[in-house]
Amino acid sequence: MAEKLVMTSQGLAVPDHLVIPYIEGDGIGKDIWAASKEIIDRAVSVAYAGERSIEWKEVLAGKKSFDMTGEWLPEGTLSSIKEHLVAIKGPLETPVGGGIRSLNVALRQDLDLYACVRPVRYFEGVSSPLKHPEKTDITIFRENTEDIYAGIEWDSESVEVNKVIRFLKEEMAVSKIRFPETSSIGIKPISSEGSKRLIHSAIDYTLKNGLTKVTLVHKGNIQKFTEGGFRKWGYELAQKEYADALSDGRLVVDDIIADNFLQQILLNPERFDVVALTNLNGDYASDALAAQVGGIGISPGANINYETGHAIFEATHGTAPDIAGQNIANPSSLLLSACMMLNYLSWYEAAEFIERALEDTLSNHEMTADLASQIEGVTPLSTTDFASCLLQKIAR
Ligand code: NAI
């Protein structure tokens, strides 16, 4: 009988037969989920010959949920993910206007998923703007709960902003606001707790995966206490909790200013293993890095709270309404997110089957239209034909 995952003081206790909630997603969600589910099930079955299995439990969110229940994010979905710890999701349509907050943001906030994790690697056969895209193999740890994403800001010339500006001038002796009459003001909270739990996760991930280097990416030369704090707290944490690993060379922690980082990932990407960033810098760096391996449509992602064990693995692209229902979408982002999930559960063998199959398939130029259209002479495969190629390779 399938059971639930449990977080213990020793970490995740993973039963052999697991229940995992999934959100199918809107738009292309249906196509890519159907393909991915079959491939994940095949990989688990081939890797463990029935000793392990996943029982999928559908939970609703997004447009599909709204059409069926009148709610965009039913309480039952959140409670099911809370109960089962781990879930996987396709892209969600968030209604524009009407005061409904982004469903993705709601899930992240309600489960306090503080680490946005994005492994960025190159797959041979995929078109890239770089000469040597294979040198990029970097895992991003982006802080997911602080920074300007806290949404604390006031519009220029509003009563509130005038109050804040008056306070800054009169109580805090601030004299550097260049145009006080017409300025909007935003607040950027960055804490030692928020920074340390993120950097802690990045270092644990580095050591667990046999990697060495964690680079703290920041803008501390300008923002001394927020971005500079992130850097300082990162070094403090490393010294205090990883002194042995630092002294015997298993771990190296260094830092780099964010603008130089964006140069170095193009010039010397091999310098980086794992990078930890504040929220906004992480946002920019995630898309820049994904684009440089040609993989914006195939990059996986996860939002994780390593303390409670809660994690949502997800396709990083949107619902692609322009190609929904046409059986041409690329399921690779969702599939690679599933690989992250299997690795998170320590079902490494199943993840390996999927990744190897993807490597073989893409390097043969067997690919969906989004990737095929970048390379001359390559005939695109439908979603189902691409999935069949992967299934055949996993069966071998
Ligand atoms: P999008 O990622 O859906 O589409 C951008 C372009 O990439 C389109 O041309 C699309 O056809 C293509 N594309 C995306 N994924 C693809 C795939 N797997 N295979 C082949 N081609 C693919 O971004 P857009 O148009 O800005 O957003 C559409 C909707 O998705 C919006 O409602 C937005 O709110 C939502 N969205 C949801 C996200 C999530 O749930 N994580 C993330 C981003 C957007």
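Here are some short exercises, each with a worked solution, on a predicted model of a protein.

**Exercise 1. Describe the overall build of the protein: how many helices and strands are there, and how does the radius of gyration relate to the globule rule?**

Step 1. Start with the inventory: the protein has 14 helices and 14 strands.

Step 2. Next, take the radius of gyration, which is 22 Å. The globule rule gives 21 Å for 396 residues, and the two values are close, so the protein is as compact as a globular protein of that length.

Step 3. For the outer dimensions, the C-alpha trace spans about 70 × 55 × 50 Å along its principal axes.

Step 4. Now look at the inside and the surface. Of the 396 residues, 49% are buried. The exposed surface comes to about 18,400 Å², and 51% of it is supplied by carbon and sulfur atoms.

Step 5. Finally, consider contacts with a separation of 6 or more: 73% of them join residues 24 or more positions apart.

**Exercise 2. Work out the strand order of the ten-stranded open sheet, and find which strands stand at its edges.**

Step 1. Walk across the sheet from one side: the order is β4-β3-β5-β14-β13-β6-β7-β12-β10-β11, with mixed pairing.

Step 2. The ends of that walk are β4 (53–58) and β11 (252–257). Each has a single partner strand, so one side of each lacks a neighbour in the sheet.

Step 3. Going from one strand to the next, the twist averages 25 degrees.

**Exercise 3. Explore the β11 edge: how does β11 pair with β10, and which helix lies across these strands?**

Step 1. Strand β10 (residues 213–218) runs parallel to β11, and the two pair over six bridges.

Step 2. To find this pairing on your screen, look for Val-214, which stands opposite Val-253 in β11.

Step 3. Then add the helix. Helix α9 (residues 258–267) lies across β7 (137–143), β10, β11 and β12 (274–277), and runs at about 105 degrees to β11.

**Exercise 4. Decide why strand β3 can be called largely enclosed, then trace its links to β4 and β5.**

Step 1. Strand β3 covers residues 17–23, and six of its seven residues are buried, so the rest of the structure largely encloses this strand.

Step 2. On one side, β3 pairs with β4 in the parallel sense over six bridges. Val-19 has Glu-55 of β4 as its bridge partner.

Step 3. Between these two strands, the chain passes through helix α1 (residues 29–48), making a right-handed β-α-β crossover.

Step 4. β3 also pairs in the parallel sense with strand β5 (residues 86–89), here over two bridges. Ile-23 is matched with Lys-89 of β5.

**Exercise 5. Classify two residues as buried, partly exposed or exposed: Thr-383 and Gly-318.**

Step 1. Thr-383 belongs to helix α14 (residues 383–395). Its relative accessibility is 1%, and the cut-off for buried is under 20%, so Thr-383 is buried.

Step 2. Leaving out residues up to four places away in sequence, Thr-383 touches Asp-31, Ala-35, Asn-327, Ile-328, Ala-329, Pro-331 and Thr-368.

Step 3. Gly-318 is in the loop between β14 (311–315) and α11 (332–344). With a relative accessible area of 42%, Gly-318 is partly exposed.

Step 4. Beyond its neighbours within four places in sequence, Gly-318 is in contact with Ile-28 and Pro-91. As a distance check, 32 Å separates the C-alpha atoms of Gly-318 and Asp-16, which are 302 residues apart along the chain.

Definitions and conventions:
Residues numbered from 1 in each chain as written. Predicted model: local features only at pLDDT ≥ 70, side-chain atom pairs only at ≥ 80, totals over all residues. Heavy atoms only, no water. Pairing = 2+ DSSP bridges. Helix = DSSP H or I, 4+ residues; strand = E, 2+ residues; numbered from the N terminus. Axes fitted to C-alpha atoms, helices over the stretch in contact; angles between N-to-C directions. Contact = heavy atoms within 4.5 Å. Buried < 20%, exposed > 50% of the residue type's maximum accessible area, 1.4 Å probe, protein only. Rg over C-alpha atoms; globule rule 2.2 N^0.38 Å. Areas by Shrake-Rupley, 256 points an atom, 1.4 Å probe, with all protein chains shown as cover. Right-handed = clockwise from strand over helix to strand, strands pointing away.
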